[in-house]
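Please work through the following exercises with the sequence and the coordinates at hand. Each task is followed by a solution that goes step by step.

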Amino acid sequence: MPQSTAPPRRRLYRASDRRIIGGVARGLADHLGVDVLWIRLGFLLLIPAGGCGLVLYAVFWAVTPLAVSETSSRPAQTRSLFEGESGQAVVFAAALAIGALLLLEALGIIRISFALVLALALASAGVAVLWRQVDDAQRARWLGGGRPWVRIARTLIGIALVVVGAAVFLAVRGDLSAARDGLGATLIVVAGLAVVTWPVWARLVRELSDERRERIRSQERAEIAAHLHDSVLHTLTLIQRSMDDPKQVAKLARAQERALRGWLYGQADNTGTLHAAVERMAAEVEEAHGAPIDVVVVGDRGLDERLAAELAAAREAMVNAAKYGDGAPISVYAEVEQDAVTVFVKDRGPGFDQDAVPDDRLGIKHSIVGRMQRHGGWAEVKSIEGDGTEVRLTMPIAQPPRTGDGRRSEP
Amino acid sequence: MTGLRVVLVDDHRMFRTGVRAELGGGVNIVGEAEDVDSAVAVIGATKPDVVLLDVHLPGGGGRTVLERCATLTDVKFLALSVSDAAEDVIGVIRGGARGYVTKTITGPELVTAIRRVAEGDAVFSPRLAGFVLDAFAATDVPAIDEELDRLTQREREVMRLIARGYTYKEVAKELFISVKTVETHVSAVLRKLQLSNRHELTRWATARRLV
């Protein structure tokens, strides 16, 4: 379906440029249409509140996909962690870290020392590098490029940072309680591994959903093929078989053309409207009686009882035209006006003298004129011998039409 | 007026053969083309009176041919297509074609349409007239350019009759005017369709852009 009609950034993406850590704040800011500074402040202010800010940030980072920015022409390799608005970036990152430390001390988990700060800084830097590495690798794949050694180097640096950080952390904690060292070490390694590999898991999940989308797309293609096979190929075969019967061939071709047009230009989805009803009716009459019917509809609106009556009258007029018009082409025109719906059915057949038609014959009197009058409308039949017939139907309507161009189809 | 020089542009050879046969001796077909590049070359070399132009062509479509032949002001274009899609129809008209007929048109009708276009008049099929009425529907949207953005009452009447399947002659009879006057009205509508920047017209065309 068309992408162009969708407003840009309807989904939440993490920004792939002008970001500091994971692009979460920038992405949210773009999505919500507010200044990025407020989002960043919001995350910082939420840190003392039981660590909400950190958790939220991490969750957003993990679950929102990275935007593939078409406007950014800079290749992924040239960006550094603190590129762009570097002043704000460093302040934000540092504030995030300090906030986290203060929170942990307030909870009595740690005592702030230089070694601890160093350990945490190293580990955080390592994690940030790794997570962004995964992001950029994803980007590079989408954009079809990227030098592999840069990615490998970054991954190694990230892992090294995390390991050194964890080691320093263990060294600091080690003198507090030697007994818990073993357990603590295991826990920290496991936690470290989880943290380090988390983006990979998240990416796997996202790739699965991408794959599903691709599968749906190929299913749609298969459906189109099936439709063409069932309808068009089938009709072509029938046409080849009935070559001796030109009337039958023309009928088949017209019916198939109509069906295909309806399918291609999508009038099947608003079946309850005047436009669709007129088209459908013309197709039925054409199929039953073999005379080609050209339909033009201007404007559209929903059906009600009176319009249904008008359509029934129009159908009768079409059937008459097809029956008595010697197979000449029939024009059907329907228009939704400000105060009425008018339908015209015109044929190029031999025409007839209205006065010469006995009262008990033809559906004109009862099915067309009478039906219209019973529902508050009126009908007029104009026929000239040798010059065809036109039936004009007018049905007043109460409410204004939906719009002047109600045939609009939403993508 | 026989001997009008016509170039036929369509990517289906069978269809070109069919049109050639249908037109018979009514016009003089001086060239054929099957894609945008060959069309531009043939039109430039032969300088025909009228080009019968298919809307869908390999290499950019009929619209591209119109753009690239914009300097040949003496050549008139008549669009001929199976497409019912509004944006195709409006696209070629706004690109400069003097008319639009569907491929179901009969031979004699097509010859008449070619003559009409050659004389500088416009050719509207019922469907095109329907599109015009839809595009210039009377809504509350204020016109930006009064002269271009609205149809006169008379023009609307003419369009409505054409949409109902009336020939120009029948329209003239119905409205008690001359065929020449009908042609004048239709040409005026064509001009509005080509030049109007009516907000409604663009929105309407966009809304119908499917898939």
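The exercises below concern a predicted model, and they treat chain A, chain B and the contacts between their side chains.

**Exercise 1. Chain A in outline**

Task: State how many helices and strands chain A has, and describe its burial, its contacts and its accessible surface.

Solution:
- Step 1. The secondary structure of chain A consists of eleven helices and five strands.
- Step 2. Chain A has 411 residues, and buried residues make up 39% of them.
- Step 3. Take the contacts in chain A between residues at least 6 apart in sequence: 68% of these join residues at least 24 apart.
- Step 4. The accessible surface of chain A is about 22700 Å², and carbon and sulfur atoms account for 63% of that area.

**Exercise 2. Strand β5 of chain A and its partners**

Task: Determine which strands are joined to β5(A) by bridges, and in which direction they run.

Solution:
- Step 1. Strand β5 of chain A spans residues 389-396. Seven of its eight residues are buried, and the strand is thus mostly covered.
- Step 2. Strand β3 of chain A (residues 340-347) is joined to β5(A) by eight bridges, and the two run antiparallel. Within this pairing, V341(A) has M395(A) as its bridge partner.
- Step 3. Strand β4 of chain A (residues 378-383) is joined to β5(A) by six bridges, again in antiparallel fashion. Here S383(A) has T389(A) as its bridge partner.
- Step 4. As background, strands of a sheet pair through backbone hydrogen bonds, either parallel or antiparallel.

**Exercise 3. The sheet of chain B**

Task: Give the order of the strands in the open sheet of chain B, and identify the edge strands.

Solution:
- Step 1. Six strands of chain B form the open sheet, in the order β2-β1-β3-β4-β5-β6, with parallel pairing.
- Step 2. The edge strands are β2 and β6 (123-124) of chain B, each of which pairs on one side only.
- Step 3. As one pairing in detail, strand β1 of chain B (residues 5-9) is joined to strand β3 of chain B (residues 50-54) by four bridges, and these strands run parallel. The bridge partner of V7(B) in β3(B) is V51(B).

**Exercise 4. An enclosed helix**

Task: Explain why helix α4 of chain B is described as largely enclosed.

Solution:
- Step 1. Helix α4 of chain B covers residues 86-95. Its buried residues are A86(B), D88(B), V89(B), I90(B), G91(B), V92(B) and I93(B).
- Step 2. Because seven of the ten residues are buried, the helix is largely enclosed by the rest of the structure.
- Step 3. G96(B) follows α4(B) and has a positive phi, near 125°.

**Exercise 5. Three salt bridges compared by setting**

Task: For each of three salt bridges, find where the partners lie and decide whether they are buried or partly exposed.

Solution:
- Step 1. The search over all chains finds 24 salt bridges.
- Step 2. R217(A) and E214(A) form a salt bridge with an N to O distance of 3.4 Å. Both residues lie in helix α7 of chain A (residues 181-241), three residues apart, which is about one turn of the helix. R217(A) is partly exposed at 42% relative accessibility, and E214(A) is partly exposed at 39%.
- Step 3. R20(B) and E32(B) form a salt bridge whose closest N and O atoms are 2.5 Å apart. This pair links distant parts of the chain, with R20(B) in helix α1 (residues 13-23) and E32(B) in strand β2 (residues 28-33) of chain B, twelve residues apart. R20(B) is partly exposed at 39%, as is E32(B) at 27%.
- Step 4. E155(B) and K192(B) form a salt bridge whose closest N and O atoms are 2.8 Å apart. E155(B) lies in helix α8 (residues 153-163) and K192(B) in helix α10 (residues 179-195) of chain B, 37 residues apart. The cut-off for buried is under 20% relative accessible area. E155(B), at 5%, is therefore buried, and K192(B) is likewise buried at 5%.

**Exercise 6. Side chains of both chains**

Task: Identify which charged ends sit over aromatic rings, and which residues share a network of salt bridges.

Solution:
- Step 1. The charged end of K346(A) sits over the ring of Y166(B), 4.3 Å from the ring centre.
- Step 2. The charged end of R164(B) sits over the ring of F344(A), at 3.5 Å from its centre.
- Step 3. R164(B) also belongs to a network of salt bridges with E380(A), K382(A), E390(A), R392(A) and E174(B).
- Step 4. As for aromatic pairs, the search of the whole structure finds one over all chains.

Terms used: Residues are numbered from 1 along each chain as its sequence is written. Chains are lettered from A and ligands numbered from 1 in the order in which they are written. This is a predicted model: local features need pLDDT of at least 70, side-chain atom pairs count only at pLDDT 80 or more; totals for chains, interfaces and linings use all residues. Side-chain values use heavy atoms; hydrogens and water are left out. Rings of Phe, Tyr and Trp (its six-membered ring) pair if their centres lie within 6.5 Å; planes under 30 degrees apart count as stacked, over 60 as edge-to-face and the rest as tilted. A charge sits over a ring if NZ of Lys or CZ of Arg is within 6 Å of the ring centre and within 35 degrees of the ring normal. Buried means under 20% relative accessible area, exposed over 50%, partly exposed in between (1.4 Å probe, protein chains only). Two strands pair if DSSP finds at least two bridges between them. A salt bridge is a side-chain nitrogen of Lys or Arg within 4 Å of a carboxyl oxygen of Asp or Glu. Contact means heavy atoms within 4.5 Å. Accessible areas come from the Shrake-Rupley method with a 1.4 Å probe; for residues, only the protein chains shown count as cover.
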